[in-house]
Amino acid sequence: MLTPQSAESLATTLSALTPAYDSLLALAPYQTGKPVEELIFEYGISDVVKLASNENPLGCSPQVTLAVTEQLGQLARYPDGNGYYLKQALAEFNKIDAACITLGNGSNDLLDILARSFVSANDAIVYSQYAFVVYSMLAKMQGATGVEVPAKRFGHDLEAMSQAVHNQPNTKVVFIANPNNPTGTQLKQEEIQRFIANIPSSVLVVLDEAYIEYSPDSNNRALLDEFDNVVIVRTFSKAYGLAGLRVGYALSSVPVAKLINRIRQPFNVSRVGLAAAQAALADQDFIEYSRESNQEQKRWLEKQFDALGLGFVPSAGNFIMVEIAVEMEAVSATSVNQALLEQGVIVRPLAVYGLSNWLRITVGTAEDNLRLIDTLHSILTSQ
Ligand SMILES: Cc1ncc(COP(=O)(O)O)c(C=O)c1O
């Protein structure tokens, strides 16, 4: 396993080689949710529940299996580098011209492409405290200044972010996650609209809507008709249940799409990914079912957290951030996380966000959630 190294020790082991930017040495590797396989190996537990990566616990549409199977005889052939059919389907679904769409190997690929396309070492990227960790990583990757704006009640403080853009004239990109991961907070469209209208049109505003299907009110598609400096990034990894295939897309103005389409790798979405995403998009009944199940299970979990005396932040996504209060004797988020792991339940600690008393828990199926709550209950009452 790759272990994070301090900046100095990494610099030493690179000996005569120097990375493009010093900030690359300070880059902590992205921490993924612990894979089920690792837990089976480490603790010998076969019955593992993973509630750590905001995946859809219901899987994906059954239509996807058929679409994927059809591709299996064609694996020797490159995919369609332009993703024609998927783009057509997305264009119709989003009521937008296909020329405004860019496909990505997951939405992280698009966030990376956008940073590489617009941000250089003398520039700044603005994002909120507690926003998706990749934004601060992208600032370091570009050797740029990352401006983290203090959050307001765990969410984006758009007034302070607007101020930050004005104070930092070299700002090139603002990232806004709506709903935000890991806090689950959500902004109103009017707030976002006001924010964009108040900042220079030379600043690109990236609205990351990875969890939009769980919270259709967060859909800011209309802002694309009003502003040329807006990009909306979405993914098939969450509600569509295709995290393992890596497909995402960006909606933007035609010129922005033209530029970022040049920057992306020619075949950044696989043949199987393209076919699966198209089939998944066509099955909106599955999305409706996933949304309803998530809503129902989220409400149930909230009641259980209340009963356990655990604080949480109301979430617009398919996950909930839960506080393991410091007043609880002999209990910390770290110890609870460890005890959950030992009993086969994987959740996400949030120390990397500076939220070391909190755990992020993905909403699972009724069975997953019952197992989580029973395990949590036994951990908290045995202290
Ligand atoms: C807010 C947000 N944006 C983007 C992503 C990236 O997802 P993917 O690359 O799987 O599309 C995630 C994944 O956790 C996320 O939470």
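**Exercise 1. Find the polar contacts of the ligand.**

A polar side-chain atom of Asp-208 lies 2.6 Å from a nitrogen atom of the ligand. Which side chains have a polar atom at 2.7 Å or 2.5 Å from an oxygen atom of the ligand?

*Solution.*
Step 1. The model is predicted, so local features need pLDDT of at least 70 and side-chain atom pairs count only at pLDDT 80 or more, while totals for chains, interfaces and linings use all residues. Residues are numbered from 1 along each chain as its sequence is written, and side-chain values use heavy atoms, with hydrogens and water left out.

Step 2. Polar contacts are pairs of N or O atoms within 3.5 Å; within protein, one must be able to donate a hydrogen and the other to accept it, and residues adjacent in sequence count only if both atoms are side-chain atoms.

Step 3. An N or O atom in the side chain of Tyr-211 is 2.7 Å from an oxygen atom of the ligand. For Thr-235, the distance from a polar side-chain atom to a ligand oxygen is 2.5 Å. The ligand taken alone exposes 400 Å², and the protein buries 94% of that (areas by the Shrake-Rupley method with a 1.4 Å probe; for residues, only the protein chains shown count as cover).

**Exercise 2. Describe the shell around the ligand.**

How do the residues of the shell divide into nonpolar, polar and charged?

*Solution.*
Step 1. A residue is near a molecule if one of its heavy atoms lies within 4 Å of it. The residues around the ligand include Gly-106, Phe-132, Asn-181, Lys-238 and Arg-246.

Step 2. Ala, Val, Leu, Ile, Met, Phe, Trp, Tyr, Cys and Pro count as nonpolar, Asp, Glu, Lys and Arg as charged, and the others, Gly among them, as polar.

Step 3. The shell has three nonpolar, six polar and three charged residues.

**Exercise 3. Place Lys-238.**

Is Lys-238 buried or exposed, and what does the UniProt annotation that covers Lys-238 say?

*Solution.*
Step 1. Lys-238 sits in the loop between strand S7 (230-235) and strand S8 (248-251). Helices (H or I, at least four residues) and strands (E, at least two) are DSSP runs, numbered from the N terminus.

Step 2. Its relative accessible area is 15%, so Lys-238 is buried (buried is under 20%, exposed over 50%, partly exposed in between; 1.4 Å probe, protein chains only).

Step 3. Not counting residues up to four places away in sequence, Lys-238 touches residues including Ser-53, Asn-54 and Tyr-214 (contact means heavy atoms within 4.5 Å). The side chains of Lys-238 and Tyr-211 make a polar contact at 3.5 Å.

Step 4. An unreviewed UniProt entry annotates Lys-238 as "modified residue: N6-(pyridoxal phosphate)lysine". Such annotations may be inferred rather than shown by experiment; UniProt positions are in the numbering used here and feature names are shortened.

**Exercise 4. Inspect the backbone.**

Which residues are joined by a cis peptide bond with omega of about -5°, and which by one of about 15°?

*Solution.*
Step 1. Asn-178 and Pro-179 are joined by the bond with omega of about -5°. Pro-179 lies in the loop between strand S5 (171-177) and helix H8 (189-198).

Step 2. Asn-181 and Pro-182 are joined by the bond of about 15°, and Pro-182 is also in the loop between S5 and H8.

Step 3. Two residues with positive phi can be added. Asn-54 has a phi of about 55° although it is not a glycine, and Asn-54 is buried at 0% relative accessible area. Arg-246 has a phi of about 70° and counts as partly exposed at 29%.
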